[in-house]
Amino acid sequence: MRYILSIQGGGIRGIIPCFMLAKLERQLNCLTRDWLQSHDGMVAGTSTGALLAACVGAGVPASDALKVYTEEGPHIFSPTSDIERKIKLVAEGHQFDNQVLASVVRATLPNPDVIINDLSVRVLITATAMDGNPWYFIKDAPQNAKTTGRYNLLDAAVASACATTYHAPWLIPTLGYFADGGCGGLADPVYQAAVEGFYYSDFNPAETLIISLGTGYYAPAAMPAPPTTLLENITWVTSALVGSSKTFAEQAVDRHWPDVLVSFNPELPGDIDEADVNQIPELLKIGQAAADKMDWTRL
């Protein structure tokens, strides 16, 4: 059996799949990268999932990645004041400094200058170019276009994590500026991972299990009221795009390749914003509870 691990976007809610990966590494007594490598597998990620996919590919333990979220999250998503964020959004078009995000990622990866082709495991990272076209950063292979494997892992991960209205677009040298993969309808990379595996690589659907790790979803009991201000509308459009693309992606995989997908995505008790670092204690509880329900040895 071969495995494709797919990790959704969701900002600070990346704490939740961190717990799931930490459970994997405890149960299987190895790094996630080494487990995938032993099964000739692949890891895919968008936005915060791209950061985790980069950590997996670079051999960063999930417990270390979790510390980055809890200790550096307030630094990445600063200012934390709602009024300061709104002023910065109106004045500059984004709320946070992407250089801070990049510096945290650089400090986390053992070799921040590694290119994707030099990784020991397949890593797929999605990002959206400023012309609106999606890009898939993955190791060169005979069946694919062989155009993105030479790029830096850090650049691809940060580009995918620079969500519009949150961080400014990220410049990848010789390519141009990129924004969060979720902006292009790729908040959940599971369908792109399946296409890459089944059409542009040698994965056999009959012998492959795709494991999708979510960052939580919120299902309100009643229809929410519509937004009433420009900023509320911007927030709604961004969140709706990200949320709907996650649903469409898993549905597409189920339609094209029935029975290959297993999804783990806990329900949230409320609508937790991707940058709400005040919810870190709550996310730690949700992540722990989600991990407790998983059994990687059975998977």
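**A walk from the surface to the core**

Let us start with K67, which is partly exposed because its relative accessible area is 46% (under 20% counts as buried, over 50% as exposed and the range in between as partly exposed, using a 1.4 Å probe and protein chains only). The model is predicted, so to speak of local features a pLDDT of at least 70 is needed, and of side-chain atom pairs 80 or more, while totals for chains, interfaces and linings use all residues. Numbering runs from 1 along each chain as its sequence is written, and side-chain values use heavy atoms, without hydrogens and water.

K67 belongs to helix 4, which spans residues 62–76 (helices are DSSP runs of H or I with at least four residues, strands are runs of E with at least two, and both are numbered from the N terminus). If you look from K67 towards C18, you cross 9.5 Å between C-alpha atoms, although 49 residues separate the two in sequence.

Now step back to the whole chain. It holds 10 helices and 10 strands, and its C-alpha atoms fill a box of roughly 50 × 45 × 35 Å along the principal axes. The radius of gyration of the chain is 18 Å, which agrees with the value near 19 Å for a compact globule of 299 residues (taken over C-alpha atoms, with the rule being 2.2 Å times the number of residues to the power 0.38). Of these 299 residues, 53% are buried. Contacts (heavy atoms within 4.5 Å) reach well along the sequence: among those between residues at least 6 apart, 76% join residues at least 24 apart.

What lies inside? In soluble globular proteins, nonpolar side chains tend to be buried together. Here the largest nonpolar core has 73 residues, and F137 and L153 have the most contacts inside it (a core is a set of buried Ala, Val, Leu, Ile, Met, Phe, Trp, Tyr and Cys residues joined through side-chain atoms within 4.5 Å). Beyond its neighbours within four places in sequence, L153 touches A54, A58, L109, V114, I115, I116, L119, V123 and I125. Another core, of 16 residues, lies apart from the largest one and includes V190, A194, V253 and W257.

Both V190 and A194 also appear among the buried residues of helix 8, together with Q192, A193, E196, G197 and F198. This helix, residues 190–198, is mostly covered, with 7 of its 9 residues buried.

A loop position can be covered too. S47 sits between strand 2 (42–46) and helix 3 (48–58), and its relative accessible area of 8% is why S47 counts as buried. Leaving out neighbours within four places in sequence, S47 is in contact with G9, S160, A161 and D180.

Two other loop residues take us back outside. P269 is in the loop between strand 10 (261–264) and helix 10 (280–292), and is exposed at a relative accessible area of 60%. P269 still has contacts with Y218, E282 and I286, not counting neighbours within four places in sequence. From P269 to L89, 180 residues away along the chain, the C-alpha separation is 27 Å.

A225, in the loop between strand 9 (208–213) and helix 9 (230–256), is exposed as well, with a relative accessible area of 69%. To finish the walk, draw a line from A225 to W135: these residues are 90 apart in sequence, and their C-alpha atoms are 35 Å apart in space.
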